[in-house]
Structures are given as C-alpha cells and as structure tokens.
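Colleague: Got a few minutes to walk me through this one? I'd like to go from single loops out to the whole fold.

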Amino acid sequence: MDLDDDKRAKRRKTQTEDDDDDDHHHQPQPTAMETLPNEIIVDILSRLPITSLVQFKFVCKRWRALTQDPVLADMHLSWKADGNDPCLILHCDFPIRNQLYFLDLSAHNQDKDKVKRLYVPFQATMPEFDVVGSCNGLLCLSDSLYNDALYVHNPFTMDCIELPKSRQYSDQELVFGFGFHPKTKEYKVVKIVYYRNTSSYSRARRTVYPQSDVQIYTLGSSSWRSLGKVSYQFVRRPSEALVNGRLHWVSRPRRYHPARRLISFDLADEQFREVPKPDCGGLNRCNFHLSVLGGCLAAAVYGNYGKMEIWVMKCYNVNESWVKQFTIGAYMPKSLKLNLDRHRPLKIWKTGSNGKVVRVLCLLNSGEVLLEYKNRVLVSYDPKKGKFRDLVFQGLPNWFQTVVHTGSLNWLNTLQ
C-alpha cells in the first residue's frame, strides 16, 4: 500500500468514527419525566387541577395509562379534599334542563374566571334531567320528564353508565339520593317512591301519596333492591347533604306530627335514623335548607328581614355540638338590582332553589362563605369583615343551579 492509499484509509476510518459519534449524539434521550419512578409522577400529577390532568391522557400511552390508574384517582381526590377550593357544576335549567357548565375555583391560571360548557353524552336519550347529587367526582342524573332513566357520569373523563330500570308506579312522586360510604367503599343510589292507587281520591290541596317503596342500587350490581316502605314523608328534592356516609333529608310536617325532622340514611347498614336538630326554633317552618360546611352537617335558617343563620354540627349526631357559626344579613347582588324592573320568567323566579332567595354552597379556603342568589348570581361573604362580594365569571349562564363538585379521574369501569 502506497502513502496515498494509507492516507485515504485513515480519512475513511476517521469519518466512520465521526459518523458513529453523530449517531450517538442524535439518539433520542429520555426525558426527565420518563426517568422518574411511577410513584413520583403520580404524586406530581395528583396535585394538578382536574382540567389539566385530563389532558395528559393525550400525551402518550404511558400517561394515558396513568390517568386510568385508581391510585392516581385516589391521591388526587385526597389532595383536592385537603384544603382546596372545589369545582362548581352549574346545571342550567332555562329554557330547558339539559346543559352543564363547570367552574374550577382551585385553578391558578387564566381559566379560573371562565365558565366552560361540559359535554353531556346522553342528551339524545335524556334531553331534560335533574342533578341527583355529586360524590367523589361522579354525578348522578335523573330523567326529569319521564322519571324512568338514571345515569352516573364523570363529566371530566366523560365516563358514563345508565343504571338498570327499577319498578315504576303509575301515580308516583320520587325523592333521590346518591353517595359513597368510606367503610364499605360502595356507591349507592337511593330512590324513594311515594305512590298511590289510581282509584284513590283526596280532597287535600296537595296530592297525598300514602304508600312508599325504598329502592337501592349499588354501583356495580345487576339490579335494584327494595327495602320496603319508609315511615317518613320527605320534601320532594334530592338529599342535600352527604356526611359520614349518610344522606340527609328534611321530613314534611304531618297532621299528628307537625314538627319537621332531620332524617339520615346510612349507606352502610341501609337504615333511616333521626338526627338531632339545632335549637334555633326555625326548623319547624319551611324556611331552611341543609348543606355541608367544612365536612360538617349544616342548616341554613332564614329569619326576618332577609337575615340568615348558619348552624353547624361540629360533632356528628351530638345534639350539644350544634353551634351558630354565621349570621348573614340581607343583601341584594348588583346584577339582581339592575334586573328588578325588567321582565323575568315568573315561574322560574318563584320556584328557583325551592323559592329561597339565597342558598349556602360551601366554605372557601379564604374562610368566606360561597352563596348562590336566586339561581343567578354567585356571591362570597366574608364573616370577619361582614362584607359581600359579587363574583363575576366569563360565560356564566343566566339561570343555573350550583352543585359543589370535586373533579376527579374516577373511572366507572373500576367501580363495577
């Protein structure tokens, strides 16, 4: 081999080594997230708002699998419950009851003040619906036209199941409840049917349904179960408070029992029990509602001149633990003042929130009380300063009923 051939061979060898180095440098390097253990990634993702979390399933197959991991769903729920403001689901029932919107009060970005519309996958089969309740990120919805369909739906994962049909009566009135018991780890739908024979006749101003049937459906089971009749007549609206695995309703006054009662239904042993009332004197009238404040059962009692007292049961089922925690004076939001002289749909104005002017929703991290006025305005009340603040959000519907909700990655196929 002459000198020129030797030089050419060395150049080819050097070029080959350089190409190998280039190939090594151009190989895709693992990202920081890909090198982290799964438990650390789950911990990071569990602290994100639900609106951000649901988008990660589109990043890659690994992250999509993570969003369906029950461990992430549980950690996210625990983090949301630990001192974080909730999401609000707004059920818009004007002109028809078939629209859901959401507002994430825990968001820390430009979306915090925006109301977004949610996709409802069963709109074709159930065009008008009522919200039975919200629990751990799941909504239970009932058919408001024909009373024969029930769905459980996660509005953020868009997971949805239709429940089996239950027994129907030709002349009936329904009261619903939906909840979860932390000990049994079961979700249950309670359907209380008040009915009468079509041949019966009553002169009472209000239709009386003398017979009852309590029906229970456990999520994941194949059919409903009947527990027989109930000795209480409840106000016709869904359970307003889920505390300690118990649903709560208010009883209607009866001829020989005029006092209203607070009644719970334990989702574990499936028994109705009476709960002690606060000693405020107002619960015998039709001017109060139940709510949950700070994880405790609460009763908002309306007084004279627009004043409202909020009583909280600090230790569940202990009569002496009822305390009057807030006294809220009369207030008219600015937007309602501007509309006082305008034309309003009278029926909706009178029947909104069962005829009540203001409804207590929840406590915020700031210590303020979140209120809903006449199905139209959200207001925060600062009990320390005694001041009201009208909350303004982009895209807020004109008429709505607010449901306090915790956005979650609960997948229904993991619960069945």
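Colleague: Let's start with a loop. Where is the place of proline 397?

Modeller: Keep in mind that this is a predicted model. Going by the strands on either side, proline 397 belongs to the loop between strand 23 (387–391) and strand 24.

Colleague: Is proline 397 buried or exposed?

Modeller: Proline 397 touches Leu90, Cys92, Tyr101 and Val115, leaving out residues up to four places away in sequence. Its relative accessible area is 10%, and the cut-off for buried is under 20%. So proline 397 counts as buried.

Colleague: What separates the C-alpha atoms of proline 397 and leucine 100?

Modeller: Along the chain, the two are 297 residues apart. In space, the C-alpha atoms of proline 397 and leucine 100 are separated by 9.8 Å.

Colleague: Strand 24 came up just now. In what order do the 4 strands of its open sheet run?

Modeller: The pairing in this sheet is antiparallel. Its edge strands are strand 3 (116–118) and strand 24 (401–405), each pairing on one side only, and the twist averages 35 degrees from one strand to the next. Put together, the order is 3-2-1-24.

Colleague: And in strand 3, which residue is the bridge partner of leucine 100?

Modeller: Strand 2 and strand 3 pair in the antiparallel sense, over 3 bridges. Within strand 3, leucine 100 has as its bridge partner leucine 118.

Colleague: Which residues touch the most other members of the largest nonpolar core?

Modeller: That core has 27 residues. Helix 3 (38–45), strand 1 (87–92) and strand 2 (99–104) are among the elements that each supply at least two of them, and helix 3 gives the most, with 3 residues. Domain 1 (38–73) and domain 2 (83–198 + 209–414) each contribute at least three residues. The members that touch the most others are Leu100 and Leu409.

Colleague: Which residues does leucine 409 touch, not counting those up to four places away in sequence?

Modeller: Leucine 409 belongs to the core we just discussed. With its sequence neighbours set aside, the list is Ile50, Leu53, Val54, Thr67, Leu72, Ala73, Asn154 and Thr157.

Colleague: How many residues are in the other core?

Modeller: It lies apart from the one with leucine 409, and its members include Cys140, Leu150, Phe180 and Tyr187. The count is 20 residues.

Colleague: Now the open sheet with strand 8 in it. How many bridges join strand 8 to strand 9?

Modeller: The sheet has 4 strands in the order 8-9-10-11, with antiparallel pairing. Strand 8 (172–181) and strand 11 are its edges, and neighbouring strands are turned by 25 degrees against each other on average, direction ignored. Histidine 181 has glutamate 186 as its bridge partner in strand 9. Between strand 8 and strand 9 there are 10 bridges.

Colleague: What about glutamine 233: buried or exposed?

Modeller: Glutamine 233 sits in the loop between strand 11 (225–228) and strand 12 (241–243). Beyond its neighbours within four places in sequence, glutamine 233 contacts Tyr194, Tyr209, Val250, Ser251, Arg252 and Arg254. At 15% relative accessibility, glutamine 233 counts as buried.

Colleague: Which residue takes a positive phi near 60 degrees in the hairpin of strand 16 and strand 17?

Modeller: Strand 16 (residues 288–293) and strand 17 (residues 296–302) run antiparallel and are joined by 6 bridges. Leucine 293 stands opposite cysteine 296, and the hairpin has 2 residues between the strands. The one with that phi is glycine 294.

Colleague: Asparagine 375 has a positive phi too, of about 60 degrees. Is it buried or exposed?

Modeller: Most residues other than glycine have a negative phi. Asparagine 375 has its positive value in the loop between strand 21 (369–373) and strand 22 (377–382). With a relative accessible area of 5%, asparagine 375 is buried.

Colleague: Asparagine 136 then: what is its relative accessible area?

Modeller: Asparagine 136 is found in the loop between strand 4 and strand 5, and its phi is positive, about 50 degrees. Asparagine 136 is partly exposed, with a relative accessible area of 26%.

Colleague: Last one, zooming out. What share of the residues count as buried?

Modeller: The protein comes to 8 helices and 24 strands. About 22200 Å² is exposed, with carbon and sulfur atoms supplying 49% of that. Of the 416 residues, the buried share is 47%.

Definitions and conventions. Residues are numbered from 1 along each chain as its sequence is written. This is a predicted model: local features need pLDDT of at least 70, side-chain atom pairs count only at pLDDT 80 or more; totals for chains, interfaces and linings use all residues. Side-chain values use heavy atoms; hydrogens and water are left out. A nonpolar core is a set of buried Ala, Val, Leu, Ile, Met, Phe, Trp, Tyr and Cys residues joined through side-chain atoms within 4.5 Å. Buried means under 20% relative accessible area, exposed over 50%, partly exposed in between (1.4 Å probe, protein chains only). Domain bounds come from an automatic or database domain assignment. Contact means heavy atoms within 4.5 Å. Two strands pair if DSSP finds at least two bridges between them. Axes are lines fitted to C-alpha atoms, for helices over the stretch in contact, and angles run from 0 to 180 degrees between N-to-C directions. Accessible areas come from the Shrake-Rupley method with a 1.4 Å probe; for residues, only the protein chains shown count as cover.
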